[in-house]
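Subject: Structure handover

Hello,

Here is the structure I promised to pass on. Please open it and keep it beside this email as you read.

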Amino acid sequence: MLSSRGGGSRRRWERMNENGDIHTIVATTGATYEVVPLSLARAHAANQTDQLALLEFKHQIADDPHEFLNSWNNSLHHCQWQGIECGVRHGRVIGLNLSGQDIFETISPHLGNLSFLKFINLPDNRFHGEIPQQIGRLPRLRLLNLTNNALVGTVPVNLSRCLDLSFLSLKTNHLVGMIPIELGSLKKLASLDLASNKITGFIPRSFGNLSSLKVISLTRNNIEGTMPSELGRLKNLAFFSVASNNLAGTIPSSLYNISTITEFWTTSNHFTGTLPVNIGLTLPNLKRFGFGGNNFHGEIPGSFSNASQLQSLEPAGNKFIGQVPASLGSLQNLKRLNIGANLLGSNATNDLSFITSLSNCSNLQMLGFDSNNFGGEIPSSIGNLSVQLKGLALGYNHISGIIPAAIENLDNLYDLQLENNHLSGPIPNSFGKLHNLQELLLKGNKLYGQIPSSLGNITQLYTLDLSDNKLEGNIPASIGNCEKLNQLDLSQNNLIGPIPKKIVSIFSLSISLNVSRNWLTGSLPVEVGTLKNINALDVSNNRLTGSIPETIAACLSLEYLYIQGNFFQGTVPLALAALKGIRE
């Protein structure tokens with residue numbers, strides 16, 4: 001049976017063939033017949049819808065610096081355009097990938113017409129404006145990645161309609177408002193990343209329904225309130241981060257029982273409470289645990305040694321007391337241990353005995369014990385620590401005794417901080433073997449003797465601070481070999497003799513040169529004019545003589561100049577008036 005759907009010189013009928021397929025018959029007055037399956041006609045119309053939606057997307061683009069969208073024209077089928085993926089069976093657009101193209105414009109709402117779209121991947125561009133509500137009309141959407149753009153507005157509530165969504169990343173934008181509780185209906189969601197926005201409000205309790213969730217990152221927002229206990233139902237969770245928010249209260253015990261967790265970050269909040277004694281048993285797969293910058297108290301559990309895969313343990317900036325568990329030495333995968341800024345130790349002779357056990361941690365790269373209550377001496381076994389060690393911070397404690405020469409074995413160190421303790425004795429001459437050292441802080445101790453000339457062998461140094469000690473003798477000219485120095489502080493010692501010309505010729509000095517409060521004599525070398533980038537120069541309270549060098553006028557970045565308390569003669573050079581940035 002044929003049914004007419006047209007008139008005039010062109011008629012259109014539909015009929016059903018023996019296979020049950022609907023065909024369209026088009027008849028013209030010239031008695032020519034064309035039989036087209038209706039399914040193909042509809043597919044053609046759908047493909048046109050996809051193409052038009054993509055062209056509308058392109059037409060909104062204000063800047064495409066890499067000309068990535070040049071292929072988006074009628075000379076090619078849209079399935080062959082760069083960044084477009086089509087399904088094999090139906091030829092519909094299923095993927096849009098414009099990652100890292102620096103494209104500038106708003107995101108077109110016409111994306112909502114790409115009804116077969118499964119993947120929207122637009123990270124590392126300059127998309128701005130709000131996230132189109134029309135994206136919530138994409139029932140097949142599995143991945144939405146809008147990372148690192150300039151998007152504003154709120155997280156669209158109707159993303160909760162995309163029930164197939166398994167990956168959602170909106171991090172590093174300017175999103176505001178609260179997290180929609182409706183997102184708790186996304187049962188297939190495996191990864192949720194809203195980090196580095198301006199999101200406020202609370203963590204929705206409905207997140208406890210996200211049974212497929214493996215990754216959740218809410219880092220660097222303005223989220224407040226407490227941690228919902230419902231999060232303890234996320235039994236597949238591997239990565240959890242709420243770092244750098246305004247969260248408070250205690251961590252629900254149920255979270256410490258999710259054995260699948262490998263990374264747990266609560267850094268820089270206002271959390272309180274103690275850590276479970278058995279935490280290393282309930283989180284056996286833990287690799288990184290960052291909970292610094294809170295108000296946790298109590299002791300650091302020794303059970304962490306049971307989390308044998310642990311690579312990073314960072315409880316710095318809390319109120320932990322007691323001793324550091326020697327059992328941490330069994331963590332052979334440990335790379336970072338940062339327990340600084342706590343109340344650990346008791347100013348006792350055995351406070352640092354745990355260092356010996358850490359010699360078993362052959363992968364250690366960073367140790368931070370600064371700003372605690374550690375007393376006693378640094379054990380010579382410190383030289384047995386991992387040769388991979390790059391950072392060692394023991395400053396701001398009550399450590400006494402001499403600096404062990406065995407530190408020379410740590411020849412990959414780039415940061416050594418021993419400042420503000422009660423260390424005495426000479427600076428080890430063997431420090432000159434630490435060729436990779438970039439920062440050496442020994443200020444505020446009771447070190448005496450001469451400054452080793454071997455320090456001039458540490459040519460990678462950026463910062464050298466030996467101030468506020470009892471060092472004596474001349475300033476070694478060899479320090480002038482440290483041609484990468486930004487900051488040199490030798491103040492408040494008992495140094496004598498002239499200021500070496502090589503010291504005031506270190507062109508890289510840009511932060512400060514401070515040799516004040518010593519017994520230095522002679523003139524201020526005219527080579528001081530080499531310090532064109534220096535911000536602060538302090539030679540005050542010495543016994544310098546002669547005239548004030550006019551060459552100081554070449555130090556155009558100078559803001560702070562201190563020359564008082566010397567025996568300079570003559571007048572202040574008029575050329576110094578050129579230093580417009582001088583504050584003091």
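Below is what was found, from the whole chain down to single residues.

**The whole protein**

Please remember that this is a predicted model. The protein has 584 residues, and 51% of them count as buried. Its secondary structure comes to 3 helices and 40 strands.

What radius of gyration does the protein have, and what would a compact globule of 584 residues have? The protein has 34 Å. A compact globule of that many residues would be near 25 Å. The C-alpha trace spans about 115 × 65 × 40 Å along the principal axes of the protein.

Now the contacts. Take those with a separation of 6 or more. Residues 24 or more positions apart account for 52% of them.

The accessible surface comes to about 25200 Å². Carbon and sulfur atoms hold 50% of that surface. On the charge side, the protein has 42 positive and 40 negative charges. The mean positions of the two sets are 9 Å apart.

**Aromatic rings**

The count comes to 13 aromatic pairs. One of them joins Trp72 and Trp81. Is this pair stacked or edge-to-face? The ring centres are 5.3 Å apart and the planes meet at 20°, so the pair is stacked. The cut-off for stacked is under 30 degrees between the planes. Trp72 and Trp81 are both buried.

Phe289 and Phe304 make a tilted pair. Their centres are 5.8 Å apart, with 50° between the planes. Where do these two residues lie? Phe289 is in strand 20 (residues 288-290). Phe304 is in the loop between strand 21 (295-299) and strand 22 (312-314). The pair therefore ties together parts that are 15 residues apart in sequence. Phe289 is buried, at 1% relative accessible area. Phe304 is buried too, at 0%.

Both residues belong to a cluster linked by ring pairs. Its members are Phe240, Tyr256, Phe264, Phe289, Phe291, Phe296, Phe304 and Phe320.

**Two residues with positive phi**

Most residues other than glycine have a negative phi. Here are two with a positive value.

Asn148 has a phi near 60°. It sits in the loop between strand 10 (143-145) and strand 11 (150-152). Asn148 is partly exposed, with a relative accessible area of 34%.

Asp468 has a phi near 55°. Its place is the loop between strand 32 (463-465) and strand 33 (470-474). Asp468 is partly exposed, at 39% relative accessible area.

**Three places to visit**

Start with Lys532. Find it in the loop between strand 37 (519-523) and strand 38 (536-538). Lys532 is partly exposed, with a relative accessible area of 41%. Which residues does Lys532 contact, leaving aside its neighbours within four places in sequence? They are Phe507, Ala554, Cys555, Leu556 and Ser557. Now look across to Pro301. Lys532 and Pro301 are 231 residues apart along the chain. Their C-alpha atoms are separated by 52 Å.

Go next to Ala393, in strand 26 (residues 391-393). Is Ala393 buried or exposed? Its relative accessibility is 8%, so Ala393 counts as buried; the cut-off for buried is under 20%. Leaving aside neighbours within four places in sequence, Ala393 is in contact with Leu367, Gly368, Phe369, Asp370 and Gln417. Lys484 is 91 residues from Ala393 in sequence. In space the two are 22 Å apart, C-alpha to C-alpha.

Finish at Asn360. This residue is in the loop between helix 3 (354-357) and strand 25 (366-368). Asn360 is partly exposed, with a relative accessible area of 48%. Beyond its neighbours within four places in sequence, Asn360 is in contact with Gly329 and Gln332. Gly497 is 137 residues away from Asn360 along the chain. The C-alpha atoms of Asn360 and Gly497 are separated by 46 Å.

Best wishes

Note on methods. Residues numbered from 1 in each chain as written. Predicted model: local features only at pLDDT ≥ 70, side-chain atom pairs only at ≥ 80, totals over all residues. Heavy atoms only, no water. Helix = DSSP H or I, 4+ residues; strand = E, 2+ residues; numbered from the N terminus. Rg over C-alpha atoms; globule rule 2.2 N^0.38 Å. Buried < 20%, exposed > 50% of the residue type's maximum accessible area, 1.4 Å probe, protein only. Contact = heavy atoms within 4.5 Å. Areas by Shrake-Rupley, 256 points an atom, 1.4 Å probe, with all protein chains shown as cover. Lys, Arg positive; Asp, Glu negative; His and termini not counted. Charge placed at Lys NZ, Arg CZ, Asp CG, Glu CD. Phe/Tyr/Trp six-rings, centres within 6.5 Å; stacked < 30°, edge-to-face > 60°.
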